[in-house]
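These are my notebook entries on a structure that I had not examined before. I looked up its cavities, its salt bridges and one sheet, in that order.

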Amino acid sequence: MGYLQGFLVTLRQIKKLGGKHVTTEYSGGYERGRHDEKIAKPERLHGRHVLNKYEDGMEKCIGCELCAGVCPAKCIYVRGADNPPDDPVSPGERYGYVYEINYLRCIHCDLCVEACPTEAITESKLFEFSFTSRRDAIYGKSELVVGDDGKPKQLPWEDWREGDDADTSGWMRATSPAGDADFEGVLAWSGELGYGVRPPEPPQPEVDKAGGAPDPLLIEKTPEASGHTGGHH
Amino acid sequence: VSGLFAQASATGDPLYQGDIDLAVVGITILKVVVCFAFLLIATMLMVWFERKVIAGMQNRIGPNKAGPFGILQTLADGIKSFFKEPIRPERADPVVFRLAPYLAFVPAFLIFTVIPVGGDFSNGNAGVVSIFGHDTYLQVADPPVGILFVLACSSIAVYGIMLAGWSSGSKYPLLGSVRASAQMVSYEAALGLSVATVLLVAGTLSTNGIVVAQDTMRNWNIVATGILPFVVFVIAATAELNRPPFDLVEAEQELVGGFNTEYSSIGFALFYLAEFMNTVTMSAVIVTLFLGGPQAPFGLDVPVIPGWLQGMIWFFLKLFLFLFMYVWFRATLPRFRYDQLMDLGWKVMIPVAFGWFLFLTTLRVTRDLDWSRMGQLSAGIAAIAVAIAGYAILMIALRVSTRQRQQQGSLH
């Protein structure tokens, strides 16, 4: 009867018969009154960019154009300018005068984040921004620079929920010069407005060492593994 | 073979026995419209049901946005595809290209017209109900050739698929349609042979007659013919429908979309609908042939509900069982390889169906000739022996031809 066991396997997957769903009910945020559930995003998810500020409110970008140079999709356009002496935008000599990212081209590879010498450009974990015109696709400085509270600015077409904006992508901290192989090195990144100096990424979960990337379902099930995603250092 | 066709009185629908007046025409039109509407709605729900169940079996939620539980998803898809631009490839044959979807679509409707979907079959009744004072069956037509009509229509559906692939003027559809015609023709033989056992037992071709003959559960053809023809029929029907695991016709990984690759808009929607409609009608045929159609199991007779409605309820419960089975097949079984498909069809299904037919025929004929029980038994054993001997000869022939091809170097 080995042939027929497969039928039981598929039957058991039905939720009413004890199976479970790996997808969640997700309406994109614009449906009112629907049960709508987002799953937790991975620590290093590459979302849309933000231009950070120092804790004193100065912009980090110095207009060096390294991000534009490294961008494989050629989606970044930067022009630097000298800081006005009486009202400097960034510490130092120059600042990013024009900063545009075309999200019709961006492939979210995060090479710009790795190239940036001042950690000015990082990525958030927001990926739900379905604009409806080419004009909207080009994010300029007014859209990219974080607000006075250090939080990314929400545009009308972006779907954010409570807590979605709290974390920039862990990718920056994982690849920053101080991050050693274990990601447990000395902190070498500067503070961000509104967040202070961020803790390093927690060690890789045990499941990861056992082989393979952690399965989100596994993390959900085993309590010791889920502790690692919380960032308890 | 006297008495073999004794039951085949071939009276047909009592509606047309008397004078044909306006009411009779009205009832006929009403039945046609209800049948048409029912089949469209059933297809719509079938698509939704299949997507929902298969999603459940794949740990997903499935369509749930359009309407309650996503039940209007098919409607949304249909409206969308009807508003798309129909594109015809430059090298396609214009007339045949347009005709093909209808050739696939219309037979699905036609088959359903001869299916008794309800009627009062309790206590040996013949499924007659009374509409506006006229006695009639709850089926659009009850031709004396009933089951032959079903077989003929399901063969016409092959043309729809074959012509679609041929007229597209494109190579993947052509490959898909070549596969389709080979597959459907192969399995039609097994299908026909298993139907023949049912006809042998029922003694009539009329669908109503077949249902009437299955008056108790012992007489349900799944029991009366031995379970084997039922199994053969279900497998062959799955192949006829081009449903998984026999969906080589539209094997996405190999043939893009198979025969309907070049179709868009209404043409594609019709093929898509026809596929699911055929699933519904073929399930209905299985229920009619093997599970007693609207006959109640265990002779149940629920008091309050009128007889014709009971029949309908039983019919749809059984129908639902097979629809679920088809979805379950699709979620579970991987696709056959082409040579496996042909091997199964020609070397297993047809010999098995044919051998079983031989066996049942022997039993029937000896019984009709009033042979003794011992005589019947020995004739049956002789039939089995003949079948096994035939199968052995077939296997030997296959082995010899394989060896010859190996020697010629065309097979490794």
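**Entry 1. The largest cavity.** I began with enclosed space, and found that the largest cavity has a volume of about 220 Å³. I note at once that the model is a predicted one. I then asked which residues lie closest to the centre of this cavity. Its lining has 17 residues, and those closest to the centre are B:Ala157, B:Ile161, B:Met184, B:Glu240 and B:Asn278. Next I looked up the elements that supply two or more lining residues, and these are α3 (94-113), α4 (146-167) and α10 (265-290) of chain B. The greatest contribution comes from α10(B), which gives six residues. By class, I recorded ten nonpolar, four polar and three charged residues in the lining of the largest cavity.

**Entry 2. The other cavities.** How many cavities of 30 Å³ or more are there? The count comes to five. The second largest has a volume of about 80 Å³. I listed 14 residues in its lining, with A:Cys61, A:Cys64, A:Cys67, A:Cys116 and A:Ala120 nearest the centre. The lining of this second largest cavity divides into eleven nonpolar residues, two polar ones and one charged one.

**Entry 3. Salt bridges in chain A.** I turned to charged pairs. Side chains of opposite charge can pair when their charged atoms come close. My search of the whole structure gave eleven salt bridges over all chains.

One of them joins the side chains of A:Lys53 and A:Asp148, at 3.5 Å from N to O. This pair links distant parts of the chain, its members being 95 residues apart. A:Lys53 sits in the loop between β1 (49-51) and α2 (66-70) of chain A, and A:Asp148 in the loop between α5 (141-144) and α6 (171-175) of chain A. I then asked of each partner whether it is buried or exposed. A:Lys53 has a relative accessible area of 12% and is therefore buried, the limit being under 20%. A:Asp148 reaches 69% relative accessibility, so it counts as exposed, the limit being over 50%.

A:Lys141 and A:Glu59 form another salt bridge, with their closest N and O atoms 2.9 Å apart. These two also link distant parts of the chain, 82 residues apart: A:Lys141 belongs to helix α5 of chain A, and A:Glu59 to the loop between β1 and α2 of chain A. Both A:Lys141 and A:Glu59 are buried.

**Entry 4. Salt bridges in chain B.** I found the side chains of B:Asp343 and B:Lys347 in a salt bridge of 3.2 Å, N to O. Because B:Asp343 and B:Lys347 stand four residues apart in helix α12 (residues 338-368) of chain B, about one helical turn separates them. B:Asp343 is partly exposed, at 33% relative accessibility. B:Lys347 is likewise partly exposed, at 29%. I also noted one network, in which salt bridges with shared partners join B:Glu50, B:Arg243 and B:Arg330.

**Entry 5. A sheet in chain A.** Last, I traced an open sheet of three strands in chain A, with the order β2-β3-β5 and antiparallel pairing. Which strands form its edges? They are β2 (76-82) and β5 (138-139) of chain A, each of which pairs on one side only. I counted seven bridges in the antiparallel pairing of β2(A) with strand β3 (residues 94-102) of chain A. As a point of reference, I recorded that A:Ala81 stands opposite A:Tyr95 in β3(A).

Technical notes
Residues are numbered from 1 along each chain as its sequence is written. Chains are lettered from A and ligands numbered from 1 in the order in which they are written. This is a predicted model: local features need pLDDT of at least 70, side-chain atom pairs count only at pLDDT 80 or more; totals for chains, interfaces and linings use all residues. Side-chain values use heavy atoms; hydrogens and water are left out. A salt bridge is a side-chain nitrogen of Lys or Arg within 4 Å of a carboxyl oxygen of Asp or Glu. Buried means under 20% relative accessible area, exposed over 50%, partly exposed in between (1.4 Å probe, protein chains only). On a 1 Å grid over the protein atoms alone, a cavity is a set of points where a 1.4 Å probe fits but cannot get out, and a pocket is an open set with protein on both sides within 12 Å along at least five of seven lines; lining residues have an atom within 4 Å of a point. Grid points are joined across faces, edges and corners, and a volume is the space filled by probe spheres set on the points. Ala, Val, Leu, Ile, Met, Phe, Trp, Tyr, Cys and Pro count as nonpolar, Asp, Glu, Lys and Arg as charged, and the others, Gly among them, as polar. Two strands pair if DSSP finds at least two bridges between them.
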